[in-house]
Amino acid sequence: QGFCLGPEPGPPRQRPAPAWHPPNLRGAMSPTGERPPAAYTGMAFVKEYYSVLAKEPENVHKFYKDPSLFYRGAEGSGADEIRVEGPGNIDSEIKSRGERACRVEISSVESQESMQGGVLVLVTGYLTFAGTQERQRFTQTFFLHPQSDPYDGYFVLNDILRYVGADGAEKQPARQAPQPQAPAPAQAPSWQQPTHPPAQPPSQPPSQPAARMA
């Protein structure tokens, strides 16, 4: 089930942490080093990430670290329109393009455990931008890489976003126009129909037998 995130009144919150961690991850690690399930981690990350994107876009770069890759593009456009690396470049790219989503509608979140304790997260939904009020459908994939410095948690190592369709609308196949049909032949009203059977031709008189010769 989806959910929406939008701006709230009040001053922006300060976020000194350089990377993200699930709310209950600190102190929740077991002696064997077990982490929360991927579904929990993915959902907690999505709510936090898109909340910051909608309310504090100047802090989005804090989800990333130096090796992080940040790609943006549109469906069918081929190569990515944006390919940057590292939190500084990501921050500059977001600010230069004015990428501020004033409303986020999340349709689905799917998460999987991955290598070395990482979590793969796939998100679909809609973004509405403050400048144009344009509602765009998107799909976004994150790879959350585990970290131990400065604390146990995750940071976004890979981030790929694609805008899908125009104005969030799926393309529908064109419908074939119905072919015109020839009109049925008109029939005369019942009062014009003949009421008597047509006259039969007169019958021929019976032939006379030939006279016998004496």
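This note sets out numbered points on the aromatic contacts, helix H1, the nonpolar core, strand pairing and salt bridges of a predicted model.

1. Aromatic pairs. Across the whole structure, a search returns nine aromatic pairs. One of them joins Phe 45 and Phe 142: the ring centres are 4.9 Å apart and the planes meet at 75°, so the arrangement is edge-to-face. Since Phe 45 belongs to helix H1 (residues 38–55) and Phe 142 to strand S6 (residues 135–147), this pair ties together parts that are 97 residues apart in sequence. Phe 45 has a relative accessible area of 0% and is buried. Phe 142, at 0% relative accessibility, likewise counts as buried.

2. A second ring on Phe 142. Tyr 49 also pairs with Phe 142, with ring centres 4.9 Å apart and planes at 65°; the angle is over 60 degrees, so this pair too is edge-to-face. Here again helix H1 contributes one ring, Tyr 49, and strand S6 the other, Phe 142, so the contact ties together parts 93 residues apart in sequence. Tyr 49 and Phe 142 are both buried.

3. The aromatic cluster. The two pairs described above should be read together with a wider set of rings. Ring pairs connect Phe 45, Tyr 49, Tyr 50, Phe 63, Phe 138 and Phe 142 into a cluster.

4. Helix H1. The geometry of this helix can be checked against its length. With 18 residues at 1.5 Å a residue, H1 should span 26 Å, and its end C-alpha atoms are 26 Å apart, so the two values agree. The buried residues of H1 include Phe 45, Tyr 49 and Tyr 50, which also appear in the aromatic cluster. Among the other buried positions of H1 are Ala 38, Thr 41, Gly 42, Ala 44 and Val 46, as well as Ser 51, Val 52, Leu 53 and Ala 54.

5. The nonpolar core. The largest nonpolar core comprises 31 residues, and Tyr 50 and Phe 142 have the most contacts inside it. At least two residues of this core come from each of H1, strand S2 (64–74), strand S3 (82–85), helix H2 (87–97), strand S4 (101–113), strand S5 (119–129), S6 and strand S7 (153–164). H1 makes the greatest contribution, giving eight residues to this core.

6. Strands S2 and S3. These two strands pair in the antiparallel sense over four bridges. Which residues of S3 lie on its covered face, and which on its uncovered one? Ile 82 and Val 84 form the covered face, whereas Arg 83 and Glu 85 form the uncovered face. In a regular strand, side chains alternate between the two faces of the sheet. Arg 83 of S3 stands opposite Tyr 71. Arg 83 also lies over the face of Tyr 71, at 4.1 Å from the ring centre.

7. A second arginine over a ring. Arg 135 lies over the face of Tyr 126, at 3.8 Å from the ring centre. This arginine returns in the final point.

8. The salt bridge between S2 and S7. The structure holds four salt bridges. In one of them Arg 72 meets Asp 159, the closest N and O atoms being 3.1 Å apart. This bridge links distant parts of the chain, with Arg 72 in strand S2 and Asp 159 in strand S7, 87 residues apart. Arg 72 has a relative accessible area of 3%; the limit for burial is 20%, so Arg 72 is buried. Asp 159, at 1% relative accessibility, also counts as buried.

9. The salt bridge within H2. Asp 91 and Lys 95 form a salt bridge whose closest N and O atoms are 3.2 Å apart. Both residues lie in helix H2, four residues apart, which is about one turn of the helix. Are the two partners buried or exposed? Asp 91 counts as buried at 13% relative accessibility, whereas Lys 95, with a relative accessible area of 54%, is exposed.

10. A salt-bridge network. The side chains of Arg 103 and Glu 105 meet in a salt bridge at 3.9 Å, N to O. Arg 103 counts as partly exposed at 38% relative accessibility, while Glu 105 counts as buried at 16%. Salt bridges that share partners join Arg 103, Glu 105 and Arg 135 into one network. Arg 135 thus takes part in this network and also lies over the face of Tyr 126.

Key:
Residues numbered from 1 in each chain as written. Predicted model: local features only at pLDDT ≥ 70, side-chain atom pairs only at ≥ 80, totals over all residues. Heavy atoms only, no water. Phe/Tyr/Trp six-rings, centres within 6.5 Å; stacked < 30°, edge-to-face > 60°. Buried < 20%, exposed > 50% of the residue type's maximum accessible area, 1.4 Å probe, protein only. Lys NZ or Arg CZ within 6 Å of the ring centre and 35° of its normal. Expected span 1.5 Å × (residues − 1). Core = buried A, V, L, I, M, F, W, Y, C linked by side-chain atoms within 4.5 Å. Pairing = 2+ DSSP bridges.
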